[in-house]
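Biologist: I have a model open on my screen and would like to talk it through with you before I go back to the bench. Could you start with the terms, and then take my questions as they come?

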Amino acid sequence: MISKRRLFSLIFSLAAIQIGFAQKTLRLNESSVMYVHGTSTLHDWTSIVEEMTATAEVEMDGELKDIKSLKTKIKVESIESGKGKMNDLTYEALKSEEHPFISFQLNDIKSIQSGDIIASGKLTIAGVTKNISVKGKYSLSGNKLKISGKKDINMTEFNIEPPTAMFGTIVVGEVVSIEYDLILN
C-alpha cells in the first residue's frame, strides 16, 4: 500500500514534468499576413487575405517542442486584389457562395528543428480536401510563435478552373503561391 506522502510526491513529480513542457493555446495575432500570388497572360498579380483565424495547441518550454494542433480558416470573400472585377472572378472560381471558407487543419508535424518546420495537413478549397505537405520557418519569442512560408497550389487539383477575362484572352495561371507570416500568441 502506498502512503499518502508517497502518493503526494508522485502526483507532484508528474505535475512538475507536465509543467516543464507547458501546453498553450495560441490564437492568431492581427499583425499576421497572407498573400496569394499568381500569374496571368497579361501580368503577375497579388491579392491579400483580409480575414482569417487560426488557433494552435503548442508545447514549449522556452523553445518550441511540438504543435499538437493547428487550424486556420480564411474567408474567401476577404481575398482582396484591389480590382473589383478580379475579386469577383476569384470568388466565382473559388465557389464562395457554396464554400465561403478555405481551411487548413494540421495532421502531423514531421520535423521541428533549428527554426525549420515540416508538417502535413488537410487543405480544403472550394469544397475539395487534399492532404498537403508544408515547409516553413518558425521563431519563438516568449509566448509569441511566428510561422512563415510559401506554398504553391495547383488550382486544378482542387477542381478549380483558373479564371479568365476579356472573352478568354486573359487567363490566370493554374498555380498560385500562398505566402504567409502567421503570428500566434
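Modeller: Let me begin with accessibility, where buried means under 20% relative accessible area, exposed means over 50%, and partly exposed is what lies in between, using a 1.4 Å probe and protein chains only. This is a predicted model, in which local features need pLDDT of at least 70 and side-chain atom pairs count only at pLDDT 80 or more, while totals for chains, interfaces and linings use all residues. Residues are numbered from 1 along each chain as its sequence is written, and side-chain values use heavy atoms, with hydrogens and water left out.

Biologist: Fine, so is Asp66 buried or partly exposed?

Modeller: Asp66 counts as partly exposed, because its relative accessibility is 21%.

Biologist: And what does the side chain of Asp66 meet in a salt bridge?

Modeller: The side chain of Asp66 meets that of Lys68, at 3.3 Å from N to O, where a salt bridge is a side-chain nitrogen of Lys or Arg within 4 Å of a carboxyl oxygen of Asp or Glu. Lys68 also forms a salt bridge with Glu59, with the closest N and O atoms 3.6 Å apart, and Glu59, Asp66 and Lys68 are thus linked in a network. Lys68 itself is partly exposed, at 44% relative accessibility.

Biologist: How many salt bridges does a search of the whole structure find?

Modeller: The search finds six salt bridges. Another of them joins Lys110 to Asp108, with 3.2 Å between the closest N and O atoms; here Lys110 counts as exposed at 53%, and Asp108 as partly exposed at 35%.

Biologist: Changing topic, how many helices and strands does the protein have?

Modeller: The protein has two helices and 13 strands, all taken as DSSP runs numbered from the N terminus, with helices being H or I of at least four residues and strands being E of at least two. Of these strands, 11 form an open sheet with antiparallel pairing, in the order S1-S4-S5-S7-S8-S9-S10-S13-S2-S3-S6; two strands are said to pair if DSSP finds at least two bridges between them.

Biologist: Which strands stand at the edges, then?

Modeller: Strand S1 (22-27) and strand S6 (79-80) stand there, each with a single partner strand, so one side of each is left without a neighbour in the sheet.

Biologist: Can you walk me along some of the pairings inside the sheet?

Modeller: Strand S5 (residues 64-75) is joined by five bridges to strand S7 (residues 101-113), running antiparallel, and Thr72 stands opposite Phe104 in S7. Further along the order, strand S9 (residues 128-141) pairs with strand S10 (residues 144-154) over six bridges, again in the antiparallel sense, and Tyr138 has Ile147 in S10 as its bridge partner. S10 also pairs antiparallel with strand S13 (residues 175-184) over 10 bridges, where Gly149 is partnered by Tyr180 in S13.

Biologist: What about the turns, which residue takes a positive phi in the hairpin of S9 and S10?

Modeller: In that hairpin, which has two residues between the strands, Gly142 takes a positive phi near 65°. Ser114, in the loop between S7 and strand S8 (116-125), has a phi near 50°, which is positive in a residue other than glycine, and Ser114 is exposed at 74% relative accessibility. Ala126 is not a glycine either, yet has a positive phi of about 55°; its place is in the loop between S8 and S9, and Ala126 is buried, with a relative accessible area of 6%.

Biologist: I was also looking at Asn87, so where does that lie?

Modeller: Asn87 lies in helix H2 (residues 84-93) and is buried, with a relative accessible area of 7%. Leaving out residues up to four places away in sequence, Asn87 touches Ile79, Glu80, Ser81 and Gly82, a contact here meaning heavy atoms within 4.5 Å.

Biologist: Last one, what lies over the face of Phe101?

Modeller: Lys73 lies over that face, at 4.4 Å from the ring centre of Phe101, where a charge sits over a ring if NZ of Lys or CZ of Arg is within 6 Å of the ring centre and within 35 degrees of the ring normal.
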